[in-house]
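Q: Hi, could you walk me through this structure? I'm new to it.
A: Happy to, here it is.

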Amino acid sequence: MIRRLVIACSTSMALLSACLGGCVVVEGEPLDDSLGEEGDLGSARLALTGVTATWTRVGRLDNALKIAAAHNVIFALSTSFKLYRSLSGQNGTWTLEDHPAQARDIAVAGGLLYALNDNKTLWLHRDVPTRNTWIYQDTPFAAKTIGSGGSVAAVNLDDSIWVWSGPPAGSPWINVGELPGVKEVSMPRGRYWLLTDSGEIYSANEGLSDLRQLTPSLPVAAGVPMDISAARADELWVLTTAKELYKVTFTETNCSNFLDDDRDLATDALDDDCR
Ligand SMILES: [Ca+2]
Ligand SMILES: [Ca+2]
């Protein structure tokens, strides 16, 4: 059981002019994705009422370190800090986007791609024709990870969780709580997803209340989740320690409780899941 504490501390920001690394685009160097087949792992109940979670194995990313999901594209940062993108996440669809050699985590927030560098500088990616550019945003010096969603969600070294209200650069960070053992947070509109150091995934309401564990539904060989990313409340991407990539989709199954259980902005009979 995760203990919830809300703490108050401040994150001061210092402007550093460090470079994110190379900006040269090199095409056609996919991740090693030669293993595995796609497959539906079947359904598992989230410990939430009115929702069923369906795990689907999408592919394998042998060299992946981090993932970041947008609405129609997923990014992966490799262990050699190369950035790849794919429309589906399936094997053979990854293309090299850039080589941000200092990046250690990536996130898509509000449809924009960010990188957190080794020196704790935060950069916004601008994909313009013929070259990648990265624009300095801030220095969340205590951040250990950043996560996707409506805003950049940083987990600090002391397990406190912060949401960044930018861009523009220099916008403030807002403390939304603390969860001992938390590793990554993803905050699509309507849902918080939390990944612990031991690989457990929890759903939470705003304010980190009502924590509910997402049943893993993974084969033993897949290991445990090591990164999560969600661009929308009813879809969660999961990278495991065995470098398997999964997509978890959430279906509204209680169609008469006047609640939008899967947080897809459609309630009961208005939700396609209920038709
Ligand atoms: Ca409902
Ligand atoms: Ca719904």
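**A chat about the strands**

Q: Let's start somewhere specific. Where is Ile 201 found?
A: Ile 201 sits in strand E17, residues 201-204. Strands are DSSP runs of E with at least two residues, and helices are runs of H or I with at least four, numbered from the N terminus. This is a predicted model, where local features need pLDDT of at least 70 and side-chain atom pairs count only at pLDDT 80 or more, while totals for chains, interfaces and linings use all residues. Residues are numbered from 1 along each chain as its sequence is written, and chains are lettered from A and ligands numbered from 1 in the order in which they are written.

Q: Thanks! Is Ile 201 buried or exposed?
A: Ile 201 counts as buried because it has 23 C-beta neighbours inside 10 Å. A residue is buried if 20 or more other C-beta atoms lie within 10 Å of its own, exposed if 12 or fewer, and partly exposed in between, with C-beta atoms placed from the backbone.

Q: And which residues does Ile 201 touch?
A: Leaving aside residues up to four places away in sequence, Ile 201 touches Trp 193, Leu 195, Gln 213, Leu 214, Pro 225 and Ile 228. Touching, or being in contact, is when the C-beta atoms of two residues, placed from the backbone, lie within 7 Å.

Q: How far is Ile 201 from Leu 211?
A: From C-alpha to C-alpha, Ile 201 and Leu 211 are 9.8 Å apart in space, and they are 10 residues apart in sequence.

Q: What about the rest of E17, which faces are covered?
A: Both faces of E17 are covered. Ile 201 and Ser 203 are buried on one side, and Tyr 202 and Ala 204 are buried on the other.

Q: Which strands does E17 pair with?
A: E16 is joined to E17 by four bridges, and the two run antiparallel. E17 also pairs with strand E18 (residues 212-213) in the antiparallel sense, over two bridges. Pairing here needs at least two bridges found by DSSP between two strands.

Q: Who stands opposite Ser 203?
A: Trp 193 stands opposite Ser 203 in E17, and Ser 203 stands opposite Arg 212 in E18.

Q: What happens at the turn between E16 and E17?
A: That hairpin has four residues between the strands, and Gly 199 takes a positive phi near 90 degrees there.

Q: Moving back a bit, how is E15 placed?
A: Strand E15 (residues 182-186) is mostly covered, with five of its five residues buried. Four bridges join E15 to strand E16 (residues 192-196), running antiparallel, and Glu 184 stands opposite Leu 195 in E16. The hairpin of E15 and E16 has five residues between the strands, and Gly 190 takes a positive phi near 95 degrees in it.

Q: New topic. What's the order of the strands in the open sheet of four?
A: The order is E11-E12-E13-E14, with antiparallel pairing. Strand E11 (143-147) and strand E14 (173-178) are the edge strands, each pairing on one side only.

Q: How many bridges join E11 to E12?
A: Four bridges join E11 to strand E12 (residues 152-156), and the two run antiparallel. Ile 146 has Ala 154 in E12 as its bridge partner.

Q: Any odd peptide bonds around there?
A: The bond from Gly 166 to Pro 167 is cis, with omega near 0 degrees, and Pro 167 is in the loop between strand E13 (160-164) and E14. Another cis peptide bond joins Pro 167 and Pro 168, with omega of about 20 degrees.

Q: What about unusual backbone angles outside glycine?
A: Phe 81 has a positive phi of about 65 degrees although it is not a glycine. Phe 81 lies in the loop between strand E4 (74-78) and strand E5 (83-86), and it counts as buried because it has 21 C-beta neighbours inside 10 Å.

Q: Last one: what does the chain come to overall?
A: Its secondary structure comes to zero helices and 21 strands. Buried residues make up 46% of the 275 residues in the chain.
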